[in-house]
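Trainee: Could you take me through one part of this model slowly? I'd like a close look at a greasy bit of the outside, and then anything odd in the backbone.

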Amino acid sequence: MNETSSLKRRSFDPTNDLVNMSVVPAETSYVLFFQVLFPFVVAGLGMVFAGLVLSIVVTWPLFEEIPEILILVPALLGLKGNLEMTLASRLSTLANLGHMDSSKQRKDVIIANLALVQVQATVVAFLASAFAAALAFIPSGEIDWAHGALMCASSLATACSASLVLSLLMVVVIVTSRKYNINPDNVATPIAASLGDLTTLSVLAFFGTVFLKAHNTESWLNGVVIVVFLLLLPFWIKVANENEGTRETLYNGWTPVIMSMLISSAGGFILENAVRKYHSLSTYGPVLNGVGGNLAAVQASRLSTYFHKAATIGELPNAWTIHRFTSFTRAFFSKEWDSRSARVLLLLVVPGHICFNVLIQLFTYTSKDNITPHGALFTSLYMIAAIIQVMVLLYVCQFLVSLLWKMKIDPDNSVIPYLTALGDLLGTGLLFIVFLTTDYFDPDELLAPKH
């Protein structure tokens with residue numbers, strides 16, 4: 001009988017958990033810190049540029065003529081959590097379990113997972129555009145079907161093309177990490193985040209602008225684009241259905257993907273209204289949201305791999321109960337390996353955001369219309385918001401992984417979409433509060449140029 005089974009028969013003491021150390025991630029806190037640091041910095045740079053791109057493109061005719069397309073932004077940016085980061089977590093687990101060591105295994109897994117991502121991208125993009133149109137209906141009381149077709153075409157083209165590029169990148173990262181004995185759980189999800197926002201925003205701005213011209217001159221083109229992507233859907237479903245690993249997700253993995261899209265779209269509704277009042281909020285949004293989701297995704301990927309190694313799905317390891325994961329103290333201040341991981345990830349929040357905010361200031365310093373906030377009040381409130389966001393996400397992460405595992409739902413497919421969507425909603429809401437508070441106590445901070 002294996003070690004895990006014998007551990008489960010022992011009496012459970014919540015103050016002194018018995019853990020199968022053979023399946024705990026082998027790296028120390030220092031190794032974790034330095035393995036996460038580089039992809040975290042790269043991811044942060046990508047988010048900084050994504051924020052700068054968003055602050056520019058919101059002034060383009062696309063966003064001025066069709067402001068409701070801003071509602072789509074968090075949902076489409078959230079695809080990196082729905083699809084690419086989930087793919088990274090899923091493939092990292094397979095790699096750590098040795099299921100991608102042979103060339104045939106890699107080929108079968110990679111093709112099936114790329115097809116699955118295309119199925120998910122198509123469905124999520126279509127539903128996101130429909131939900132954005134519905135949210136746009138609330139204040140106006142009417143639906144502009146032409147705008148809806150443009151949003152749908154832009155959403156489908158953006159989601160499918162960006163997801164294909166980023167998914168291929170994830171495959172390369174995970175295979176390379178496995179080859180050089182680097183834990184892919186520590187590096188794959190941050191790298192997915194590093195280019196996700198920037199790539200998606202750039203592609204959305206490009207396709208949206210192209211389809212806006214078609215909307216004004218060749219109105220039939222948007223409809224053709226929608227039909228083409230929907231016709232490709234059965235082909236992707238067929239390919240994904242041929243692999244046992246992706247078949248389960250194809251049939252039963254839709255709840256987290258769709259729910260996270262709805263949560264992110266709610267964040268998009270807040271973003272649309274917030275950017276109307278504070279334009280510079282669009283610069284900070286991708287950074288705050290992205291860092292939180294990025295760090296939580298690393299923890300989720302590590303925990304998911306541990307559960308896969310330590311127990312059978314439906315049974316928690318080491319005779320644990322769900323109640324164990326409701327303790328805030330255990331999640332952050334215990335001696336357990338996942339609590340140490342949480343502390344290491346939290347240590348990155350403040351210095352990371354300070355560096356990223358300095359970069360934002362440097363890149364926007366020469367702008368004539370620079371009204372990017374930079375004072376002590378705003379910076380302090382921003383850091384408090386960032387810490388609150390990440391702590392909430394890490395706490396929810398360890399609880400959600402254990403809960404879904406107990407419910408026989410694979411956390412590799414389900415947890416990261418919820419975390420990144422919650423990060424978008426929480427981050428956008430907190431950032432709006434930071435701007436409102438700064439505006440109340442020091443309006444010149446937001447309304448006047450720095451020079």
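Mentor: Sure! First, a word we'll need: a helix here is a DSSP run of H or I with at least four residues, and helices are numbered from the N terminus. Keep in mind that this is a predicted model.

Now for the patch. Val41, Leu45, Phe49 and Phe363 form a nonpolar patch on the surface, and together they have about 310 Å² of accessible area. Helix H2, residues 29-57, gives the largest share of that patch, with three residues. Phe363, on the other hand, lies in helix H15, which covers residues 349-364. Is Phe363 buried, partly exposed or exposed? Its relative accessibility is 43%, so Phe363 counts as partly exposed. That follows because partly exposed is the band between under 20%, which is buried, and over 50%, which is exposed.

Next, the backbone. Most residues other than glycine have a negative phi. With that in mind, look at the loop between helix H12 (281-310) and helix H13 (328-333), where you'll find Asn318. Asn318 isn't a glycine, yet it has a positive phi of about 60 degrees. Ala319 is found in the loop between H12 and H13 too, and Ala319 also has a positive phi of about 60 degrees without being a glycine.

How do these two sit with respect to the surface? Asn318 has a relative accessible area of 4%, so it is buried. Ala319 comes in at 26% relative accessibility, so Ala319 counts as partly exposed.

Key
Residues are numbered from 1 along each chain as its sequence is written. This is a predicted model: local features need pLDDT of at least 70, side-chain atom pairs count only at pLDDT 80 or more; totals for chains, interfaces and linings use all residues. Side-chain values use heavy atoms; hydrogens and water are left out. Patches are made of residues with over 30% relative accessible area and no salt bridge: like charges are joined within 9 Å, nonpolar side chains (Val, Leu, Ile, Met, Phe, Trp, Tyr) within 5 Å. Accessible areas come from the Shrake-Rupley method with a 1.4 Å probe; for residues, only the protein chains shown count as cover. A salt bridge is a side-chain nitrogen of Lys or Arg within 4 Å of a carboxyl oxygen of Asp or Glu. Helices (H or I, at least four residues) and strands (E, at least two) are DSSP runs, numbered from the N terminus. Buried means under 20% relative accessible area, exposed over 50%, partly exposed in between (1.4 Å probe, protein chains only).
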